[in-house]
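Charged side chains of opposite sign can pair up within a folded chain, and this report follows such pairs through one example. Please look at the sequence and the model before reading on.

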Amino acid sequence: MGLMVAGFLRLGRVSPSLSLRPARTAFPIPMRILDRYVIRNFVEPFLLCFFGFLSIWLVFDLYDNGPDFLEYHVPLKLIGRFYLSQLPAIALLSLPIGLLLALLFSLSKMSRHNEIISMLTAGRSLWRTIVPLVLIGCAATVGAFALDNEWAPHADAAKKRMLDEMTKGERRAADRQAVEGLLFRDRMNNRTWYVQKMRPKPKQGAIPPLEGVHVIQQDENGVIERKWYGQKAIYDEQTHNWTLSDGQIVTFNKEGDITRTESFPGKQMVIEGWSETPRRIASSQFEAQNLSIGELRDYLFYNGDFPAVQLAPYRTYLADRFANPWTCLVVVFLAAPLGIVYSRRGVLAGVAGCLTLFFNLFMLHYLFLAFGKGGRVNPTLAAWIPNATFFVIGLVLLYMRSSNREIPKFTFWK
């Protein structure tokens, strides 16, 4: 009873008229107060850790790119847009780390002050005590999913593009980002595309033409039926038609002999019925880690006939887009049992053990990601195994802590 009184006095938010009646009748009122108190103890260190990581990253990035900004007289508005485009990727990385450190700090602080013991003495279970933190972990998971859906994957490509535009100008940057010698095989329609140069689409405006296009149509047995040549090929997003200019069409028979040649120099020829789009043609150059969920699904839909080994990275990253955000919730179940201790001597060991588990989770995530990309492990399993494994470990540790059992030490020293 003395511990319960000390805990309520430490909270400083309990009404003076609240009597210390049995937990069954007095429980509904302090339950809301304790929830707010646990959240308040967590929010402040979390904000410090989260924005602290963002500040550290900003300082290092300015140290790296700041001289270029000064040399090329980049305006502050453009620098702000540049860092705003990088913010989702850095925030996605900082979320679980900030959660981990804030949970360890707040829970260990309340443990040292015997506030956790006071809550348990008041009749609240350990599982009920961490419910507010679990809800925060769920909210962080939703936020991480929103970031990892589209904004964070595009951050790396946006960084390279904007740095080129700042230091080399938009025109030179577009030439630098142009893809040359592009080869695309449409296995669904037995067409092979060779594009001499493909420029990136500007922020606003029509799709730029493909330059130096050579298209080969084959039958089911691989025999060439027709070839199209064009100095330029323009795709119309409204009609989904292709227009070839300054080129010719060559038709072959089954023996491979030319039966007809049709040239149209200085003219244009509209071709209907082709399902290829510039984005699909350029997809052979896309890196899986830079694609959003929608783009990964489109790639797998249009290129589903590719070999399994070639599609493995895209399937792995698609599954990882759904699995990775749950790291925020897993962190809560790892930090809660190791951050809550019943003696001052166990605080340091719990914090060290939790950090060890977190970095093991971090390494296991990238290890299985590499296995999935290489086709050695099923992509779905590669994405979900790390979080699922450490979630189970967190549940076991939380059960042991709630039943006052000895938790094994996860440090490399005695």
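Accessible areas come from the Shrake-Rupley method, which is used here with a 1.4 Å probe. On that basis, the chain in this predicted model exposes about 22800 Å², and carbon and sulfur atoms supply 59% of this area. Of the 414 residues of the chain, 44% count as buried. The chain has 15 helices and six strands, and among its contacts with a separation of 6 or more, 63% are accounted for by residues that lie 24 or more positions apart.

**Salt bridges**

How many salt bridges does a search of the whole structure find? The search finds 11 of them, and three are set out in the table below, each with its distance from nitrogen to oxygen.

| Salt bridge | Distance, N to O | Location of the two residues |
|---|---|---|
| R128 and D35 | 2.8 Å | R128 in helix α6 (residues 126–129), D35 in helix α3 (residues 28–71) |
| K160 and D156 | 3.7 Å | K160 and D156 in helix α8 (residues 155–168) |
| D186 and R280 | 2.9 Å | D186 in strand β1 (residues 179–186), R280 in helix α10 (residues 278–282) |

Consider the pair R128 and D35, whose side chains meet in a salt bridge at 2.8 Å. Because R128 lies in helix α6 and D35 lies in helix α3, the pair ties together parts that are 93 residues apart in sequence. R128 has a relative accessibility of 23% and counts as partly exposed, whereas D35, at 17%, counts as buried; the reason is that buried means under 20% relative accessible area, while partly exposed covers the range from there up to the limit of 50%. This pair also belongs to a wider arrangement, since D35, R124 and R128 are linked in a network of salt bridges.

The salt bridge between the side chains of K160 and D156, at 3.7 Å, is found within one helix. These two residues are four positions apart in helix α8, so about one helical turn separates them. D156 has a relative accessibility of 35% and therefore counts as partly exposed.

In the third pair, the side chains of D186 and R280 meet at 2.9 Å. This salt bridge links distant parts of the chain, for D186 is in strand β1 and R280 is in helix α10, 94 residues apart. Are these two residues buried or exposed? Both D186 and R280 are buried.

Key. Residues numbered from 1 in each chain as written. Predicted model: local features only at pLDDT ≥ 70, side-chain atom pairs only at ≥ 80, totals over all residues. Heavy atoms only, no water. Salt bridge = Lys/Arg side-chain N within 4 Å of Asp/Glu carboxyl O. Buried < 20%, exposed > 50% of the residue type's maximum accessible area, 1.4 Å probe, protein only. Contact = heavy atoms within 4.5 Å.
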